[in-house]
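Trainee: Could we go through this model together? I should like to begin with the pocket lining.

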Amino acid sequence: MHEGVPCRFGIGQPVRRTEDPRLLRGRGRYVDDLAPPDALHAVFVRSPHAHARIVAIDAAAARAVPGVVAVVTGADLRAAGRGALPCDLPLTGDDGRPARYPPRLALPQDRARFVGEAVAMVVAETLAAARDGAEAVTVEWAPLDPVIGIGRARTAPAIHDAVPGNRAYRWQAGDAAAVECAFATAAHVVSVPLRINRVAVAPLETRGAVASWDAALGRWTLLAATQGTTEAHGELTRGALGVAPQALRIVTPDVGGGFGMKNHAYPEHVALLHAAQALGRPVRWQADRTEAFVSDSAGRDHEITVALALDAEARITAVRWTWAADLGAYCVGFGPGVGTIGGPRIAVGPYAIPAFHVLSEGFLTTTAPIDAYRGAGKPEAAYALEVAVDAAAAAIGLDPAELRRRNLVPASAMPWRTATGQTYDSGDFAAVMERALALADRAGFAARRRAAEARGLLRGLGFGVYVEPSGFRDNRVQVAFDRQGGVTVTLSAVSNGQPHETVFAQILHDRLGVPFERIRVVQGDSDVTGYASGTAGSRTLTVTGVGLYRCAEAIEAKGRRIAANLLEAAVEDIVAERGVFRIAGTDRAVGIAEVAAAAWNPALVPEDESLGLEASAHPIQRVPNYPNGCHVAEVEIDPATGVVRLERYTAVNDFGVVVNPLTLRGQVTGGIAQGVGQALLEDMRYDPETGQTATASFMDYAVPRADDLPAIDWETVEIPCRTNPLGVKGCGEAGCAGSLPAAMNAVTDALRSAGVPETALPLPMPATPERVWRALRRRNTS
């Protein structure tokens, strides 16, 4: 490290988020803050039925409302040549045919397929007028039977003609014959059916957009909250709009939460863009909270059965999965990939299980579509497998930790090729588990349980060990110095709460010695960032970090050539270290700011090179990295009411090299909160008879509050990743992967200690007071 160049903002330092001062002071720039003053307001007319034919739409009264400028229907979009939004996920079923993805029109003309589906849009001078106009639109409906739940979808008439039987795909992976052989010879077989409840994403900022049309340039600009502009841009231009890529620019300012559901385009975008062109004025829309609950893409919603075969020494010889996904009314984004590409990759988890088989099916129902939600299959898989391992331990009378010790992949075996085809490059799963159990004081749990019982309460301890593939696909990054030595870093990734401005400045400061405060991060503009993936799959740090690393190498290489001219030395004699270019063996040196200024001087730049000091990279990470950890939860249950309270929580994780321990902890704590919320509180429900959304507000849908989580005991074990030069592993989804099994296994442990029969365990998520209370009543009749 060069003397005199401070590194208190470098890799490994707990640097406070530079984003926070403006965000906490209300100076953030979100979509709804940036609409032009002359923008028209849009309000959508949404279906009150889960399933109904659209007989007719009468907008005459709406058009007569003062201030209403236009009413847009599906017929208008069709006349303008607007098509369907595509689902671009490539997926081939076990019959060799592509999955069946029904078309999703922005405003359907034939029928509505879930409560909240938009069928018309009213545009007016004011929001109040738009609302009045929407209420004046008359839709003649012919209600049809709703299709709620996977069981109903299997037998109900098709809700899309293109998808007979409502089954979008049937997909298999693994060695079925080897699994059948292992089960036939197993000493123990345990099968656990599980329901993975549907959850509302409920980001702090609801979806919104502002569309405008530039007639002179013949192009649209869409101001929208995204997690990266490329996915939505492609779906709109080559899909619904059918135009060349340069005909649309997408700009994303600050984003108040995404978690996967803001990765893709939505029908509202198509309608807004159409209206902006047709009317020649910007058109704005921001969802209210109930509108978001009924129309946003939701998360999870699966039925999974995990069966384990174990030998006489309690070693798991095979695992069999059956996985059924409720996709909602349409296949969108990564929805069909959750139960195929996402979860099954880790069907064997952190265990040395030699054989696996997964049969996965996806069904369409008359509910809001499902898309990726913080982990996109990986938390679901970790939860199901860890609950099954606990059930196996109970069935054979073995300590759950001991069963895991006998089956975890040992550190000495790394790199380890799993039966699913993944290669775990690094990790010590057993050591992480042992440290978590020690930090959680598992040895002292019996005394805490006795103390709870003395107070009339039940106490349970549960834990889960997870590993998840993260940080693959691509991202684009550009690093450009100005003449004064300041740096602009441009990313294809878009922060939706992550500390991009802080962490990427840390990496560049650490690598090139640029003053931390002189680094500016730019993101969220398709004209600037170009075509590349966005923020998803815990990839941004690992993939963009690699891009920054490569940019730094290129800048150093060019900097050495310029420094050689400045110092009148041979390039071979110049050594570079954290932004200082020195003649080897001497004290003659120049800093990177001086080199950056010289890069604009034609006399100092080599003849075959361009002016300026900049570099770009578009890395693609073809193999994942594998964050892993063990989370431990303790709960107390009041048997009189069934209320579950999370009393203690411990998380020990291996994220490889830690860039910023402060922001890392924040990321994982957020994931833990969402996992605990799903396990104990959250449940997006539909009435099975009417298909009405029963949880369309925060009065009915319970997200975790501050007092639902205890202080989290926390440690990291740094085992560098071997598949990227920074040694980092993804962290954004890990909190959910660890917390789902830890919380639910703790509930099961408490109920088991009270004599609840195994046939009633585990409870479906969430473990609500009613479900817990009913389970406790069963102990008296078993």
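Trainee: Which elements each supply at least two residues of the lining of the second largest pocket?
Mentor: They are β31 (644-654), α19 (661-680) and α21 (769-778); helices (H or I, at least four residues) and strands (E, at least two) are DSSP runs, numbered from the N terminus. This is a predicted model, in which local features need pLDDT of at least 70, side-chain atom pairs count only at pLDDT 80 or more, and totals for chains, interfaces and linings use all residues. Residues are numbered from 1 along each chain as its sequence is written, and side-chain values use heavy atoms, leaving out hydrogens and water.

Trainee: And which disulfides does a search of the whole structure find?
Mentor: The search finds zero disulfides, a disulfide being a pair of cysteine sulfur atoms within 2.5 Å.

Trainee: Where is the nearest cysteine sulfur to Cys630?
Mentor: That sulfur belongs to Cys736 and is 16 Å away. Cys630 has 0% relative accessibility and therefore counts as buried (under 20% relative accessible area; exposed is over 50%, partly exposed in between; 1.4 Å probe, protein chains only).

Trainee: What about Cys731?
Mentor: Cys731 is in no disulfide either, the nearest cysteine sulfur, that of Cys736, being 12 Å away. Cys731 is buried, at 16% relative accessible area.

Trainee: Turning to Leu751, what is it in contact with, leaving aside neighbours within four places in sequence?
Mentor: Leu751 is in contact (heavy atoms within 4.5 Å) with Ile637, Val756, Leu761, Leu763, Val772, Ala775 and Leu776.
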